[in-house]
Amino acid sequence: MIKHPHGGTGWLDGIDTDLSASVNACPLPEPVLQAAREAALKMNRYPDPEYRALREAIGALEDADPDLIVCGNGASELFTAIVRAFSPRRIGLFDPCYSGYERACGGIEQERFTLSPEDGFCLGEAACSFVREADIDMLFLADPNNPTGRLIPPAVKTDILGICRERGITAVLDECFIDLTSRGKTGAADREASEIQPFGGLLRVKAFT
């Protein structure tokens, strides 16, 4: 019995419409299906353990150095891997947030900042003050937030990441759903990414969800 089920597996029980996970409801694009068909003919080959072609393709898409890209079996696996690799002493979280962050933290102590429903669960100056004052060495930050779907104002995101850099806090920026937002569709998110790319101690996480 899984103690913390991820969600999205209702189809196993014959559920046609499953709202237990934030997954893309759009059909698979035909190019993806065609690539899967072609890959099936190569299943008798051992895959490249360094997945170079994939990292180069992602790097070209994201305008990022392929040598700085790590792939995993979903973002949740990467969150856990990040925590284990960096061994933070105390982790900062914004509530409400994706429950996978807490699972990734394991027994590591957490400091939480509760977003206000009166403010529409938006991050603002109070969130910046939390990052500036909290006794943490790692911060999980989601844009857009899961489950609220609220985007972080660009200026606030820049301020928070700047504070993390100044204080030596490792920032884990969860952008798994950014491409489904208005900023992702207009290219604004890509421009923001290019601006924050030089920030040291920043780990951007995206997904094929």
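Student: What pattern does the protein follow, read along the sequence?
Tutor: In this predicted model, the order of helices and strands along the sequence is α-α-α-β-α-β-α-β-α-β-α-α-β, which belongs to a protein with 8 helices and 5 strands.

Student: And how much of the protein is buried?
Tutor: Of the 209 residues in the protein, buried ones make up 34%. As for contacts, if we take those with a separation of 6 or more, 63% are between residues 24 or more positions apart.

Student: Let's look at β1 then. How many of its residues are buried?
Tutor: Strand β1 covers residues 90-95, and 6 of the 6 are buried, so the strand is largely enclosed by the rest of the structure.

Student: Which residues point which way from β1?
Tutor: Arg-90, Gly-92 and Phe-94 point one way, while Ile-91, Leu-93 and Asp-95 point the other way, and all of them are buried. This fits a general rule, that in a regular strand the side chains alternate between the two faces of the sheet.

Student: OK, and in what sense do β1 and β2 pair, parallel or antiparallel?
Tutor: They pair in the parallel sense, over 6 bridges, with β2 being residues 109-114. If you want a place to look in the structure, find Phe-94, which stands opposite Phe-113 in β2.

Student: Switching to helix α2, which residues are buried there?
Tutor: In α2, which runs over residues 52-62, the buried residues are Arg-55, Ile-58, Gly-59 and Glu-62. Seen down the helix axis, the buried residues of α2 fall within an arc of 105 degrees, so they line one face of the helix.

Student: Why would residues that are not neighbours in sequence point the same way?
Tutor: An α-helix has 3.6 residues a turn, so residues three or four places apart point the same way.

Student: What do the buried residues of α2 pack against, and which residues are exposed on the other side?
Tutor: The buried residues pack against β5, residues 202-205, whereas Ala-53, Ala-60 and Leu-61 are exposed on the other side of α2. Just after the helix you will also find Asp-63, which takes a positive phi of about 55 degrees.

Student: Last topic, what lines the second largest pocket?
Tutor: Its lining consists of Val-32, Ala-35, Ala-36, Ala-39, Lys-42, Arg-45, Tyr-46 and Pro-47, and the space in this second largest pocket is about 390 Å³.

Student: How many of the lining residues are nonpolar, polar or charged?
Tutor: By class, the lining of that pocket has 6 nonpolar residues, no polar ones and 2 charged ones.

Note on methods
Residues numbered from 1 in each chain as written. Predicted model: local features only at pLDDT ≥ 70, side-chain atom pairs only at ≥ 80, totals over all residues. Heavy atoms only, no water. Buried < 20%, exposed > 50% of the residue type's maximum accessible area, 1.4 Å probe, protein only. Helix = DSSP H or I, 4+ residues; strand = E, 2+ residues; numbered from the N terminus. Arc of directions from axis to C-beta. Contact = heavy atoms within 4.5 Å. 1 Å grid on protein atoms, 1.4 Å probe; cavity = no way out; pocket = protein on both sides within 12 Å on 5 of 7 lines; lining within 4 Å. Points joined across faces, edges and corners; volume = space filled by probe spheres on them. Nonpolar A, V, L, I, M, F, W, Y, C, P; charged D, E, K, R; others polar. Pairing = 2+ DSSP bridges.
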